[in-house]
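Grab a coffee and open your viewer. Here are some short exercises to work through, each with a solution to compare with your own.

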Amino acid sequence: MNEIVFFINKVLVAGLVTGSIYAMGAVGVTLVFAILRFAHFAHGDLMTLGAFIAFALTAAFPHAGAIFGLPTAFVMLPAAMALTALLAIWIDGRFYRPLRERGAKPVVLVMASVGVTLMIQGLLRLFAGTGTRSMFIAERKDIFRIELPFELARRKIVITEPQILVILFAVVAAISLHWFLTRTRTGKAMRAMSDNPDLARLSGIDTQQVVRTTWIIAGSLAAAAGTLLSLDVALKPDMSFNILLPIFAAAIVGGVGQPYGAIAGGFLVGFAEVLSVFNWAILLRPFRPLLDGVVELPTHLAFVPTEYKLTVPFVILVAVLVWRPTGIFRGKVI
Amino acid sequence: MSFLEVCDIHAGYGGADILKGVSLSLREGEIGVIAGPNGAGKSTTLKAVFGLLHVSKGAILLDGNDITNRRPQELVRAGMSFVPQEKNVFPSLTVLENLEMGAFVRRDDYGHMIERIFDFFPPLREKAHQPAGELSGGQRQMVAMGRALMTEPRLLLLDEPTAGLSPKYMSEIFEHVVAVNRSGVTVLMVEQNARQALAIAHRGFILASGRNRHTGTGAELLADPEVARSFLGG
Ligand SMILES: Nc1ncnc2c1ncn2[C@@H]1O[C@H](COP(=O)(O)OP(=O)(O)OP(=O)(O)O)[C@@H](O)[C@H]1O
Ligand SMILES: [Mg+2]
């Protein structure tokens with residue numbers, strides 16, 4: 001019983017949290033690809049940027065959270081999302097749009113986004129240094145320990161407030177995105193432009209407005225994912241380094257250009273990651289008396305050591321590209 | 001006075017000019033048909049009229065206003081619609097959503113237009129909530145025309161609306177084109193099936209190698225033995 005609780009904590013909770021973060025990042029990557037047809041490598045840094053904006057706002061108003069009984073950084077999230085969305089539109093106008101208007105090939109835009117990555121990373125280090133920070137400035141992280149109504153379960157389910165917020169936020173974001181894409185004029189125009197950009201243009205769809213909306217969604221979801229990840233773990237300027245590969249893997253697994261695929265891909269990659277670093281020896285412990293003398297149970301039994309977690313999305317990425325390049329939801333082939 | 005006047009336009013895709021002097025003229029309420037061999041520049045002419053290509057020489061007038069090199073979005077607002085030769089629906093959007101996208105520039109209530117298009121193309125009503133990509137070729141063509149009609153255009157440009165359709169569907173589409181025209185829409189269409197198309201045309205334009213070859217009323221062109229020999233397959 002305790003082992004199952006351990007499994008819930010280490011796999012179910014951790015997988016949902018990681019999956020939510022990846023899903024929010026991957027939706028942005030996939031939407032930018034659907035509308036602008038290039039792989040936006042600066043997406044991880046958009047997340048870092050959003051998290052730093054939330055951190056700066058938290059530092060400016062450290063007690064704002066207490067009013068709502070929520071972490072201050074979470075209360076600051078809407079503002080951080082809005083600012084990041086504006087910055088994303090600005091970056092597009094400054095760096096990507098001039099290239100598009102000159103008819104640059106997608107690979108040129110990919111390279112430009114690598115440039116934007118380096119620029120954002122440099123600026124963040126210049127102004128914020130390289131250290132790790134806690135998003136909790138004037139408050140503590142609430143941790144909930146939920147007792148299970150079983151006698152055998154002495155361990156408790158442990159979940160932190162940021163973890164609950166991540167999962168709830170991702171659910172709300174996914175529902176809102178679905179509503180937006182299927183019920184609103186601009187959302188439908190976005191799907192139309194993803195389907196057939198030429199026909200969208202000659203139907204009179206305002207393609208500039210669609211591009212702006214894409215950056216608003218991608219930028220604000222990136223800010224939310226970055227901030228929530230930093231709330232859960234800590235704020236690091238090199239966050240994008242660890243997050244870029246999983247979110248691209250998630251977007252590609254789900255089928256590039258398919259927002260629902262990106263959500264599914266995010267959870268798939270997230271759960272694959274936690275399952276491969278999970279210590280399976282713990283689950284085998286109850287069987288120890290049976291196995292005694294047959295095999296010696298190791299104390300640690302995981303597919304991948306935690307330090308090499310990043311290889312998991314990499315393997316998934318390669319496997320998908322080899323066996324099903326269009327992803328689960330039949331996206332566009334890059 | 002003519003409603004659409006294309007005067008000696010030159011245009012291309014960045015390289016050498018494909019159109020080397022094409023002229024067309026249509027009066028309001030007419031059907032104009034552009035015919036000619038493959039690669040003659042028929043599609044290119046429609047794209048140039050609709051502002052999808054840069055016109056380097058010549059002029060295009062709509063109802064007396066110069067619309068040369070105007071952006072498609074402005075032309076939609078000015079009362080023009082274009083159904084391209086291929087990829088003319090949004091495959092993952094439902095039939096209804098395709099029609100809604102046709103009405104993107106409208107800010108008024110266009111519900112009555114959707115009803116009219118469903119009355120006009122009855123098969124679409126049943127399939128309203130199916131992705132357009134799952135429909136048959138003929139029904140997709142109906143979606144494409146329906147989408148273009150949502151703005152209640154004054155001028156409809158159609159590029160080979162019957163391409164790849166069975167003869168049954170083909171005459172159905174021709175009937176629809178005539179009906180659209182009767183409702184007051186000026187139509188300029190490109191057709192491979194020149195004989196059938198010229199039969200419903202007020203004006204016919206036969207292009208070859210990016211230039212006008214023959215111009216006349218539909219009946220004149222059908223009666224011209226040279227046109228029949230070179231372009232209508234005897
Ligand atoms: N996107 C393009 N880029 C470059 N050249 C093009 C493009 N589209 C067409 N062309 C060239 O322009 C010329 C005219 O093509 P166009 O499509 O106008 O012919 P068409 O008369 O419509 O023929 P079809 O009956 O095959 O549709 C052809 O030589 C074609 O190769
Ligand atoms: Mg053509």
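The exercises below go through salt bridges, two ligand sites and a few single residues.

This is a predicted model, in which local features need pLDDT of at least 70, side-chain atom pairs count only at pLDDT 80 or more, and totals for chains, interfaces and linings use all residues. Residues are numbered from 1 along each chain as its sequence is written, chains are lettered from A and ligands numbered from 1 in the order in which they are written, and side-chain values use heavy atoms, with hydrogens and water left out.

**Exercise 1. Find the salt bridge between E100(B) and K188(A), and say where each partner sits.**

Step 1. Start with the criterion: a salt bridge is a side-chain nitrogen of Lys or Arg within 4 Å of a carboxyl oxygen of Asp or Glu. Searching the whole structure gives 13 of them over all chains.

Step 2. Go to the pair itself, where the N to O distance is 2.5 Å.

Step 3. Place the partners. E100(B) belongs to helix α3 (residues 95-102) of chain B and K188(A) to helix α8 (residues 185-195) of chain A, and the pair crosses between chains. Helices here are DSSP runs (H or I, at least four residues), strands likewise (E, at least two), numbered from the N terminus.

Step 4. Check the surroundings: both E100(B) and K188(A) are buried. Buried means under 20% relative accessible area, exposed over 50%, and partly exposed in between (1.4 Å probe, protein chains only).

**Exercise 2. Which parts of chain B does the salt bridge of R154(B) and D63(B) tie together?**

Step 1. Look at the closest N and O atoms of R154(B) and D63(B), which are 3.1 Å apart.

Step 2. Trace the chain. R154(B) is in the loop between α6 (137-149) and β7 (155-159), while D63(B) is in the loop between β4 (55-62) and β5 (65-66), so the bridge ties together parts 91 residues apart in sequence.

Step 3. Add accessibility: R154(B) is partly exposed at 34%, and D63(B) is partly exposed at 32%.

Step 4. Inspect the backbone of D63(B), where phi is positive, about 55 degrees, although the residue is not a glycine. For background, most residues other than glycine have a negative phi.

**Exercise 3. Repeat the analysis for R106(B) and E152(B), asking which of them is buried and which is partly exposed.**

Step 1. The closest N and O atoms of this salt bridge are 2.8 Å apart.

Step 2. R106(B) lies in the loop between α3 and α4 (111-120) of chain B and E152(B) in the loop between α6 and β7, so this pair ties together parts 46 residues apart in sequence.

Step 3. R106(B) is buried, at 12% relative accessibility, whereas E152(B) is partly exposed at 35%.

Step 4. While you are at it, find R70(B), R71(B) and E74(B), which salt bridges with shared partners join into one network.

**Exercise 4. What surrounds ligand 1, and which polar atoms approach it?**

Step 1. Select the shell, using a heavy atom within 4 Å as the test for a residue being near. You should find 13 residues, the closest being G39(B), K42(B), S43(B), T44(B) and Q192(B).

Step 2. Sort the shell: 4 nonpolar, 7 polar and 2 charged. In this scheme Ala, Val, Leu, Ile, Met, Phe, Trp, Tyr, Cys and Pro are nonpolar, Asp, Glu, Lys and Arg charged, and the others, Gly among them, polar.

Step 3. Ask which element gives the largest share: helix α1 (residues 42-49) of chain B, with 3 residues.

Step 4. List some atom pairs. An oxygen atom of ligand 1 is 2.4 Å from an N or O atom in the T44(B) side chain. An oxygen atom of the ligand is 2.8 Å from a polar backbone atom of K42(B), and a nitrogen atom of the ligand is 3.4 Å from a polar side-chain atom of Y13(B).

**Exercise 5. Which protein atoms are donors to the magnesium ion (ligand 2)?**

Step 1. Search for N, O and S atoms within 2.8 Å of the metal (3.2 Å for Na, K and Ca); water is not among the atoms, so sites may look incomplete.

Step 2. The protein donors are S43(B) (OG) and Q85(B) (OE1), 1.9 to 2.3 Å from the ion.

Step 3. S43(B) sits in helix α1 and Q85(B) in the loop between β6 (80-83) and α3, 42 residues apart.

Step 4. S43(B) is buried at 16%, and Q85(B) is partly exposed at 32%.

Notes: A polar contact is a pair of N or O atoms within 3.5 Å; within protein, one must be able to donate a hydrogen and the other to accept it, and residues adjacent in sequence count only if both atoms are side-chain atoms.
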